[in-house]
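Subject: Structure handover

Hello,

Here is the structure for your files. My notes on it follow below.

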Amino acid sequence: MGFYYEKLIRPILFRQDPEKAHDLGVLTLDYLGRLGGLCRLMEWYNRPSYAEPIELFGVTFPNAVGLAAGMDKNARFWRAAPALGFGHVEIGTVTRHRQPGNDRPRVFRYPEHNAIINRMGFNNDGAEIIAKRLKKDSAHKKRRIPLGINIGKSKVTPLEQAVEDYLFSFNTLVEYADYITVNVSSPNTPDLRKLQDKAHLEQLLGELCRANRNRARKLGEKPKPMLLKIAPDLSWRQIDEILSVVYDLQLDGLIATNTTIQRGAPLNSLEQSGGLSGEPLHRRSCDVINYISRSTAGKLPLIGVGGVFDPESAGRMVDNGAHLVQIYTGMVYRGPFLARELAHALAPKQRVWL
Ligand SMILES: Cc1cc2nc3c(=O)[nH]c(=O)nc-3n(C[C@H](O)[C@H](O)[C@H](O)COP(=O)(O)O)c2cc1C
């Protein structure tokens, strides 16, 4: 399937502006998600034969491969994801306020490096509209795979008011989520990454955990699993500090990594600013996962993301300690059925990269 995508469809898509091609993909998948019968048939066909469900932070994932945040920012096509072979979807990043993001063009492909640079800036419909959409969709469609909701800070909100901004999005969206991801690592919202500093993080995550516990107590439920998504550009010392906060607050896991602002050789000639994703990020993301896995004796649930393109890179992520993997740029280059291929390869009886 990947072969046909790369030879026939990708050349046509790559003639278009990357964001227009993305919008076309979203529209197609949005329609596919409405065709319940076809989705079920595709889901059955694409189900990885040997995949065993994976239990992580109290959620059951049918396979190890998820869609990374940023692809379905507005909860448009998550219903179609199981038909492509995904085992979970993370929507967002969603912010409290609806926002247009940065000026276009803001997404750039680098096929010679299997990479993308983006400076989207959290363009999204805002927490309230997205909650309404999820409510409508969830009412008549039983959810087939876990749904993560990734929340971030609105651009108009100053850093000092970030906690209230995140709390609003959390409270508005939490009932629709199987897990919540707190995003403090995108490079395209001014000052956002400062929230990775220990003092900021303690305050932000402390308040979100408190709100989560209070809500759960009121409803007589368990708190929703809460994860933190981190940047690849942190030092080991910064990661140690983050881990101490994660332990103190008993956070459920980490997602590593977001895009990088580093441009090592041979990429120093790429002049566009923004976050770099794809193959050039893979090694660093694996190193970060490996470091965290070793520091936590493999006990902290980890979702590995960054340059997963094929069974070998997915296997490398798992071998370095990831319990699940997510993909974004790989899907742009290798096509919509990459998840299916990876889920097959990662299934316990297959492990074809070994
Ligand atoms: C165009 C684009 C938009 C993205 N938007 C988001 C986002 O809104 N929130 C987020 O947490 N990550 C976002 N990401 C980062 C991805 O989720 C992922 O962490 C990163 O791209 C590394 O994975 P990859 O190499 O498989 O793409 C975005 C990535 C791309 C390429």
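Helices (H or I, at least four residues) and strands (E, at least two) are DSSP runs, numbered from the N terminus. Residue numbers start from 1 along each chain as its sequence is written. The model is predicted: local features need pLDDT of at least 70, side-chain atom pairs count only at pLDDT 80 or more, and totals for chains, interfaces and linings use all residues.

Ligand shell

The ligand is surrounded by 27 residues, where near means that the C-beta atom, placed from the backbone, lies within 6 Å of the molecule or strand in question. The closest are Ala68, Gly70, Ser277, Tyr328 and Thr329. At least two shell residues come from each of strand 6 (115-118), strand 11 (275-278) and helix 10 (329-334). By type, the shell holds 11 nonpolar, 14 polar and 2 charged residues. Here Ala, Val, Leu, Ile, Met, Phe, Trp, Tyr, Cys and Pro count as nonpolar, Asp, Glu, Lys and Arg as charged, and the others, Gly among them, as polar.

Barrel

A barrel is closed by 8 strands in the order 3-4-7-8-9-10-12-13, with parallel pairing; two strands pair if DSSP finds at least two bridges between them. Neighbouring strands of this sheet are turned by 25° against each other on average, direction ignored; axes are lines fitted to C-alpha atoms, for helices over the stretch in contact, and angles run from 0 to 180 degrees between N-to-C directions.

Strand 3 (residues 65-67) pairs in the parallel sense with strand 13 (residues 324-327) over 3 bridges and with strand 4 over 2 bridges. Leu67 has Ile327 as its bridge partner in strand 13 and stands opposite Val89 in strand 4. Strand 4 is joined to strand 7 (residues 147-151) by 5 bridges, the two running parallel, and Ile91 stands opposite Ile149 in strand 7.

Strand 4 (residues 88-94) has 7 of its 7 residues buried, so it is largely enclosed by the rest of the structure. A residue is buried if 20 or more other C-beta atoms lie within 10 Å of its own, exposed if 12 or fewer, and partly exposed in between, with C-beta atoms placed from the backbone.

Core

The largest nonpolar core (buried Ala, Val, Leu, Ile, Met, Phe, Trp, Tyr and Cys residues joined through C-beta atoms within 7 Å) has 90 residues. Leu173, Val325, Ile327 and Leu342 touch the most other members. Helix 11 (residues 338-346) gives the most to this core, with 6 residues.

Regards
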